[in-house]
Amino acid sequence: MTSPQLASNLAKFAEMEGRHPRLLLATASSEEETHHKHVATLFADGGFDVDVAPRQSDAQSIALQAIDCDADMLVLIRTSLSASDRISVADLISALDALDAEYIKLGIVGHADDPAAGNVDFVCDLDHLKTTDCEALIDYILAVEEGRVAQHI
């Protein structure tokens, strides 16, 4: 169920952008693919339009897909810190920068103590991921969008 605050923020975002906030969901390694459906459903239920990167995508193709689908954020599911990542946070940041897409916010769904946490815009703990996290992310995106709009006035 959508809280009144979340519904209000979704409406405000839709008024500013003409659509719901959009995210692209990718996985760091094959171990995270079991969480794809759960995380995608949670964000969709939280009011996001969710696109899912194809399995086995590399950082460059994920960055291109984020631009192509007009994503506001790129979310990397990264739960196993011991597995060798097919996609690293550093590679995603580099790929987004190379495409002048640093406006796309990058986040991790995994563990709060992820060593890459300092390099991304947000981290959601998979073990405690709830719709309140979606509400906080929409608040965050709204603040970014309002700041961007204010710069152009």
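**Entry 1: after H3.** I began just past helix H3, where Asp70 takes a positive phi of about 60°. I note here that the model is predicted.

**Entry 2: H3 itself.** Next I looked up H3, which spans residues 59-68. Which of its residues are buried? I found Ala59, Ile62, Ala63 and Ala66. These buried residues cover an arc of only 100° around the axis, so they sit on the same side of H3. I then asked what they pack against. The partners are strand E1 (22-27), strand E3 (73-78) and helix H4 (89-98).

**Entry 3: the sheet.** I turned to the strands. There are 5 of them, forming an open sheet in the order E2-E1-E3-E4-E5. The pairing is parallel. Which strands stand at the edges? They are E2 (49-52) and E5 (122-125). Each has a single partner strand, so one side of each is left without a neighbour in the sheet. I also checked the twist: on average, neighbouring strands are turned by 25° against each other, direction ignored.

**Entry 4: helices on the sheet.** I went back to H3 to see how it meets the strands. H3 packs on the sheet and touches E1, E2 and E3. Its direction makes about 165° with that of E1. Then I looked at H4, which lies across E3 and E4. H4 runs at about 165° to E3.

**Entry 5: E3 beside E4.** I looked at this pair of strands up close. E4 covers residues 105-110, and it pairs with E3 in the parallel sense over 6 bridges. Within the pairing, I found Leu76 opposite Ile108 in E4.

**Entry 6: H2.** I moved on to helix H2, residues 36-45. Its buried residues are His36, Val39, Ala40, Leu42 and Phe43. They cover an arc of only 160° around the axis, which puts them on the same side of H2. What does the face turned away from that buried side carry? I found the exposed residues Lys37 and Asp45 there. Just after H2, Gly47 takes a positive phi of about 105°.

**Entry 7: cysteines.** Last, I looked for disulfides. A disulfide is a covalent bond between the sulfur atoms of two cysteines. I counted pairs of cysteine sulfur atoms within 2.5 Å. The count comes to 0 disulfides. I also asked whether Cys69 is buried or exposed. The cut-off for buried is under 20% relative accessible area. Cys69 is at 15% relative accessibility, so it counts as buried. Cys124 is buried too, with a relative accessible area of 4%.

Notes: Residues are numbered from 1 along each chain as its sequence is written. This is a predicted model: local features need pLDDT of at least 70, side-chain atom pairs count only at pLDDT 80 or more; totals for chains, interfaces and linings use all residues. Side-chain values use heavy atoms; hydrogens and water are left out. Buried means under 20% relative accessible area, exposed over 50%, partly exposed in between (1.4 Å probe, protein chains only). Helices (H or I, at least four residues) and strands (E, at least two) are DSSP runs, numbered from the N terminus. The arc is that of the directions from the helix axis to the C-beta atoms. Contact means heavy atoms within 4.5 Å. Two strands pair if DSSP finds at least two bridges between them. Axes are lines fitted to C-alpha atoms, for helices over the stretch in contact, and angles run from 0 to 180 degrees between N-to-C directions.
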